[in-house]
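Me: I am new to this one and would like to know what stands behind the words people use for it. Could you show it to me and take the terms one at a time?

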Amino acid sequence: MSLLFGALLRQPFINMPKFKGQKFALIDCNNFYASCERVFEPKLEREPIVVLSNNDGCIIARSNEAKSLGIKMGVPYYQMKDLMISKSVVVKSSNYPLYGDMSSRVMKVISQYSPIQEVYSIDESFLDLSGFTINLNTYMQTLKNQVKSWTGIPVCVGMGSTKVRAKLANRIAKIYPRFNGVFDIDNLPIERFEKLLDSFEVVDIWGVGNKSAQKLQQIGINSAYDFYKADIGIIETLLGVNGKRIYRELYGYSCLAIEEIGPIRKQIVSSRSFGLDLSDFDEINQALTSLTRKAVNRLNQKSLAATSMSVFIYTNPFKRDISRISLSKTVGMITPISDERVLIPLCSKLLKQIYEPGYKFYKGGVMLGSLTTDKSQQDLFMASNKTQSLHKHPYGKLLRYASELGNERWLPRSDFQSSRFTTDWSEILSV
DNA sequence: TCTGGGGTCCTAGGACCC
DNA sequence: TCTGGGGTCCTAGGACCC
């Protein structure tokens, strides 16, 4: 008995069978922001709709009608403006509180269909349907109809033995009306599965972005099918462990698990395009101050405190003809801080250290990191131990420095100086 | 002339996602 | 003229230690 057990242990991954009965469903809202706008303005039902990002800069959502007019995702508004006026496209500025509220209603309905749910994003949710013996297609049709009738939001469901396969299945459910919004990719015979992969580009695979696709194309991997048939070693060389995971997921070996636990936020970022180029220190400082205030508000809403802070500014990356620069600085803190009377001056100190005159800065922001819920030293130790491998927060080192310096309050996160910036200790310690 | 190597920690930046 | 914002994870390479 123990011999057998030992033998099994020794080769756990050799010829490992596909996980029997494992099944994920991905429920994805159709054109979510545009659909939300429709719920509150039903007369827009058949109209082409576009939703714009902050400052009305980019197009971030389109209804099907807008898509078929050739309006692309992420394109600057001004480039499409004329077309949209001529086609009487309805243009909306984004309304995030509305979308957030609609999202939680949708997620609540979905949660009724499995004990294991992962809310993946504002408009997407995974369900674990492993071991369900009912007809999953019918079951998910019911879910789809219920979400629609209870919230007004249309969704599509993709199913597969891994997340990557479920994601692909969802795209198929969206593209081909004959599946009525629900598609299970595991039911396909292998030849049809491969044919299907051939109809997708490699960049359509979840986890393969533009940069990776370019690398792959250089060695002749263009379609999802090419990727599927490629050597796993080549994929790992080009794309690293992520590429390998995606590759295995495509074959039905689950590498990405459902993550149910509500995400414990690890950082809070507040950043913004300034709207116009800023060169003057005081102007940038003013912009960052208000961003810090925003970040701190979010921190306090969640009753968290930060043990590191980063400040960054950079020039316009879209302008090729000007010299580009990206400046940032991070410090770690001995005590978790959630007080804006401390964080705002700290932001200014950091900005002062990285600021260089003569550049036109386009965007900037602050990041509060290594968040913790508990403000006591002892618990910080524990939290730090737990997150160290994830965030590599140099906590032990900081504490050593702190004791050498008589428990001062601020310490630079790096070894006094990182890259080209030297840390001015007197500045930092005087906050 | 020839100047170790394994391990850890850290930062900056890349890539991806929505 | 006008190009979002908020996240996560991974990796290359430097610094350091023994």
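Reply: Gladly. A polar contact is a pair of N or O atoms within 3.5 Å; within protein, one must be able to donate a hydrogen and the other to accept it, and residues adjacent in sequence count only if both atoms are side-chain atoms. This is a predicted model, where local features need pLDDT of at least 70 and side-chain atom pairs count only at pLDDT 80 or more, while totals for chains, interfaces and linings use all residues. Residues are numbered from 1 along each chain as its sequence is written, chains are lettered from A and ligands numbered from 1 in the order in which they are written, and side-chain values use heavy atoms, with hydrogens and water left out.

Me: What makes Ser-53 a polar contact of DNA strand C?

Reply: A polar side-chain atom of Ser-53 lies 2.8 Å from a sugar or linking oxygen of the strand. The limit is 3.5 Å, so the pair qualifies. Arg-272 also has a polar side-chain atom placed 3.1 Å from a phosphate oxygen of DNA strand C, and Val-269 brings a backbone N or O atom to 2.8 Å from a phosphate oxygen.

Me: Which residues come nearest to DNA strand C?

Reply: Ser-53, Gln-267, Val-269, Ser-271 and Tyr-362 do, out of 25 around the strand. A residue is near if one of its heavy atoms lies within 4 Å of the strand. Of the strand atoms that come within 4 Å of the protein, 73% belong to sugar and phosphate. Strand β9 gives seven residues to this surface, the largest share.

Me: Why is Cys-29 called buried?

Reply: Buried means under 20% relative accessible area, exposed over 50%, and partly exposed in between (1.4 Å probe, protein chains only). Cys-29 has 3%, so the word buried fits. Cys-255, at 31%, falls between the two limits and is therefore partly exposed.

Me: How do you know that Cys-29 is in no disulfide?

Reply: A disulfide is a pair of cysteine sulfur atoms within 2.5 Å. The nearest cysteine sulfur to that of Cys-29 belongs to Cys-36 and is 7.4 Å away, so the pair does not qualify. The structure holds zero disulfides.

Me: What about Ile-313: is this residue buried or exposed?

Reply: Ile-313 is buried, because its relative accessible area is 0%. Contact means heavy atoms within 4.5 Å, and leaving out residues up to four places away in sequence, Ile-313 touches several others, including Phe-274, Leu-288 and Phe-361. Across chain A, buried residues make up 44% of the 431.

Terms used
Helices (H or I, at least four residues) and strands (E, at least two) are DSSP runs, numbered from the N terminus.
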